[in-house]
4 protein chains.
Amino acid sequence: MSVAATEPTAGAGRRRAARGSARQRIVAAATELFARRGYGATSVQEIVAAAEVTKGALYHWFGSKSELLTSIYRELLAEQTQRLREIADGDAPVEERLHAAALDVVEHTAEHLAELTVWAKSAHLLDDEHAEATRRERRRYHDLFCDLVREGQQSGVVRTDVSATVITHTFLSALGNTHTWFRPGGPLSFAEVGHQLVALFVGGLRAPAGPPYRT
Amino acid sequence: MSVAATEPTAGAGRRRAARGSARQRIVAAATELFARRGYGATSVQEIVAAAEVTKGALYHWFGSKSELLTSIYRELLAEQTQRLREIADGDAPVEERLHAAALDVVEHTAEHLAELTVWAKSAHLLDDEHAEATRRERRRYHDLFCDLVREGQQSGVVRTDVSATVITHTFLSALGNTHTWFRPGGPLSFAEVGHQLVALFVGGLRAPAGPPYRT
Amino acid sequence: MSVAATEPTAGAGRRRAARGSARQRIVAAATELFARRGYGATSVQEIVAAAEVTKGALYHWFGSKSELLTSIYRELLAEQTQRLREIADGDAPVEERLHAAALDVVEHTAEHLAELTVWAKSAHLLDDEHAEATRRERRRYHDLFCDLVREGQQSGVVRTDVSATVITHTFLSALGNTHTWFRPGGPLSFAEVGHQLVALFVGGLRAPAGPPYRT
Amino acid sequence: MSVAATEPTAGAGRRRAARGSARQRIVAAATELFARRGYGATSVQEIVAAAEVTKGALYHWFGSKSELLTSIYRELLAEQTQRLREIADGDAPVEERLHAAALDVVEHTAEHLAELTVWAKSAHLLDDEHAEATRRERRRYHDLFCDLVREGQQSGVVRTDVSATVITHTFLSALGNTHTWFRPGGPLSFAEVGHQLVALFVGGLRAPAGPPYRT
DNA sequence: AATGAATGAGCGTTCATTCAT
DNA sequence: TATGAATGAACGCTCATTCAT
């Protein structure tokens, strides 16, 4: 049942001549299909056809379709959490770490747009058991980012009239929704959009000198 | 085929003794179920059971399950667009109109959290025909907001180093995603969260005096 | 229930200003749709849409969809029977009357290919009550033709080693099946095909001089 | 997708204890029901009930109800084509081969009246894809027969004032329509009817010595 | 003479999952 | 470490027909 337990080790990988074990081909095919058509609209039949395995093989490696989706997301999330932790644990001033963290989210989002799209579209379809497991990990990531914001507030470089929670959700939401409107080939590259988002985010964080507008 | 054409008029409504025509009961039941369980996870059977009508009646009023979802969203969007237009067309200074528009989005979002949740979760499941129709209307709303931001940029009250498009998407995304994290009964009321979001948004808009952080 | 009883009389027809009463438009639309798509694949909804009447109007004039199909066919059959009776009752020699009857079937088939196609495709779908009624009339037509063949056999101009029944069915089947293979615009016109069919039919009727082939 | 590809091989058949695999039971049940009630009037539910399998099993073997109908017909047609080819390729005189071919059609029709009835009643209900596939095979059969007729015309034993195409269609139509009027237990056995049809057909083919009737 | 909202049974099809091999 | 036939429940949707007005 545990994802980690079913990961093929490097040793196991070497046993098979064909690069791309059945399990890997399943994950690759599912990621691609889930991203393109959505989790709900992709049948197990289509996944096994694309991965060139049989249904039995899929159910040998994954207990259910949900577990497959969960696996994809958890691998992604684990990587992203690791990167954030390294930034947060650095010893640069907090404003620099905040800026770096924001940039990193933008970059990681750009690199894994497909997988993240899957998740954004499909997370709510999961049954409670799988949903809970990923929610906990997602929460851990959120808290890591939120702590950084809070540290900025304590250092006086981030405004305190907006809660760290709201700040974190806002930035992460804005990033997580880019898939709904960003189109490659448009007037702005993703990198440019990313930098503007960071600028907007960071710009919005400074303590207001006074009421921003007459109210 | 046209949604508007099948709306019961006030006159037609009066003909029926029962308040709550079949059509209205269907819309109410569908909205509630779609919001709670998602569009894909709600069967037509469940909707008609909740609305206490037959399947035939549902398909008399709506050509398909998709059309029902589309109807719900379009009615909502039309109302929101109308409200925004009134604010944008006012003769207050642009910074006030921007602030008012942001507040209005927050308020409308709060009032219709359920319906908007439906849309956020399910829009991507629609077939092309229905998706296109609503995308056009959604786009009109977005443009209205974006024009206001652009007007602010021309007046010098909104920073110009971030494009109006990115600003608009960011704010609307942040608002449109609150359903994923906001839980009534938590430490902050939705009104408080809303005001913080507006502050963050408006605060992020001011032209930067200099580089916000050493980079 | 009786078709004759619901026929609009000439008098009734004159009462309406619009040429094309509701009933007539229904018959016309149904004939066209049944011929093109088949009876089973044509919904009552489509018929009323094409005829520009409401469902209620259709069910005012026709007790059911079956009755509508039956009506169309009976009108056609009555006309064809009448024509055959006139030929059969003539006082020309039997071989001439046979030839004329065959030609007439060909011509009538050509004129009403659409309606006859309807019948060929859909007769077997009717419920017993309607099927029985038309079968009786169809039988009367068949008998009329068969009697002519039998008369030819008694006069010695038609072979007697094949029963009149088989002869009649064969010719009528061949004609009734032309819709499956004849395509307007092909190498042969329907008139040419018709003449060849008559020649083949008539040629096959002569008493064989001896065994046609060594057996 | 391909019918042939899903045929259980002899080897596969032996693996299962029960004679009559699921696939075979489905085909048998469908043939019987389609023939008796027509394709359109037979539900998938009824087929699986008669075959004592589940719907899932049916859709495992056949992609759709249409494909099931198509399969039944194609197997039949393939067999009939094979038989005709053997007759046509023989080295008897052409008149004998024509006679034998006609007899063979009659016999095969008698043996498979049920299946052929299915096809006659239901072919026009198929979607384009399936219709096209069988039309091509049907066409091949027709051409085979037609070539034989044409060979007879070139040898001078078949009249040339009627095109081979018309001759072929006429005979095959007459045979293919026997299901509409032949009732077992009537005055004539099917064998007798068959011989009369062959006699009529063959008799109609001889070159006319002169005008058969005064015209 | 006609309306049109509503019925309700049934349709063909899909699908995640199981299990004997 | 697979295979693939089979399951069985649910799915979105259609349709001829009815009836109060």
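A residue counts as buried when its relative accessible area is under 20%. By that cut-off Gln196(D), at 15% relative accessibility, is buried. The structure discussed here is a predicted model, and the same yardstick for burial is applied throughout the paragraphs below.

The fold of chain A makes a good starting point. Chain A holds twelve helices and zero strands, and from the N terminus on its elements read α-α-α-α-α-α-α-α-α-α-α-α. Chain A has 215 residues, and 48% of them count as buried. Among the contacts in chain A with a separation of 6 or more, 67% join residues that are 24 or more positions apart.

Aromatic rings come next. A pair of aromatic rings is described by the distance of the centres and the angle of the planes. Over all chains, a search of the whole structure gives 24 aromatic pairs. One of these is formed by Phe145(C) and Phe171(C), whose rings are stacked, with 5.8 Å from centre to centre and 25° between the planes. Phe145(C) sits in helix α9 (residues 128–154) of chain C and Phe171(C) in helix α10 (residues 164–176) of chain C, so this pair ties together parts that are 26 residues apart in sequence. Both partners can be placed by their accessibility: Phe145(C) counts as buried because its relative accessibility is 0%, and Phe171(C) counts as buried at 3%. Another geometry appears in chain D, where the rings of Phe182(D) and Phe190(D) have their centres 5.0 Å apart and their planes at 85°, so the pair is edge-to-face. Phe182(D) and Phe190(D) are both buried. In chain A, ring pairs join Phe145(A), Phe171(A) and Phe201(A) into a cluster.

Rings also take part in arrangements with charged side chains. Lys65(A) is placed over the face of Tyr39(A), 4.4 Å from the ring centre. In chain D, Lys65(D) lies over the face of Tyr39(D), again at 4.4 Å from the ring centre.

The surroundings of Phe145(D) deserve a closer look. This residue belongs to helix α8 (residues 128–154) of chain D. With a relative accessible area of 0%, Phe145(D) falls under the cut-off and is therefore buried. What does Phe145(D) contact, leaving aside its neighbours within four places in sequence? The list consists of Leu84(D), Ala101(D), Ala102(D), Val105(D), Thr168(D), Phe171(D), Leu172(D) and Phe201(D). As a further reference distance, the C-alpha atoms of Phe145(D) and Thr165(D) are separated by 9.4 Å, the two residues being 20 residues apart along the chain.

A polar example is found in chain B. Asp104(B) lies in helix α6 (residues 94–111) of chain B and is buried, since its relative accessible area is 10%. Not counting residues up to four places away in sequence, Asp104(B) touches Arg83(B) and Ile87(B).

The cysteines can be treated briefly. Cys146(A) counts as buried because its relative accessibility is 3%, and Cys146(B) is likewise buried, with a relative accessible area of 2%. Over all chains, the search of the whole structure finds zero disulfides.

Two chain contacts complete the description. Between chain B and chain A, 36 residues of chain B are in contact with 37 residues of chain A. The area buried between chain B and chain A is about 3,600 Å², and carbon and sulfur atoms give 64% of this area. Zero salt bridges are counted between chain B and chain A. The contact between chain D and chain C buries about 3,600 Å², with 64% given by carbon and sulfur atoms, and it takes 36 residues from chain D and 37 residues from chain C. Between chain D and chain C, too, the count is zero salt bridges.

Gln196(D) offers a residue-level view across chains D and C. Gln196(D) lies in helix α10 (residues 190–205) of chain D. Apart from residues up to four places away in sequence, Gln196(D) touches Asp161(C), Val162(C), Ser163(C) and Val166(C), together with Leu188(D) of its own chain. At 15% relative accessibility, Gln196(D) is under the 20% cut-off and so counts as buried.

Conventions. Residues are numbered from 1 along each chain as its sequence is written. Chains are lettered from A and ligands numbered from 1 in the order in which they are written. This is a predicted model: local features need pLDDT of at least 70, side-chain atom pairs count only at pLDDT 80 or more; totals for chains, interfaces and linings use all residues. Side-chain values use heavy atoms; hydrogens and water are left out. A disulfide is a pair of cysteine sulfur atoms within 2.5 Å. Buried means under 20% relative accessible area, exposed over 50%, partly exposed in between (1.4 Å probe, protein chains only). Rings of Phe, Tyr and Trp (its six-membered ring) pair if their centres lie within 6.5 Å; planes under 30 degrees apart count as stacked, over 60 as edge-to-face and the rest as tilted. Helices (H or I, at least four residues) and strands (E, at least two) are DSSP runs, numbered from the N terminus. A charge sits over a ring if NZ of Lys or CZ of Arg is within 6 Å of the ring centre and within 35 degrees of the ring normal. Contact means heavy atoms within 4.5 Å. Buried area is the accessible area (1.4 Å probe) that two parts lose on being put together, summed over both. A salt bridge is a side-chain nitrogen of Lys or Arg within 4 Å of a carboxyl oxygen of Asp or Glu.
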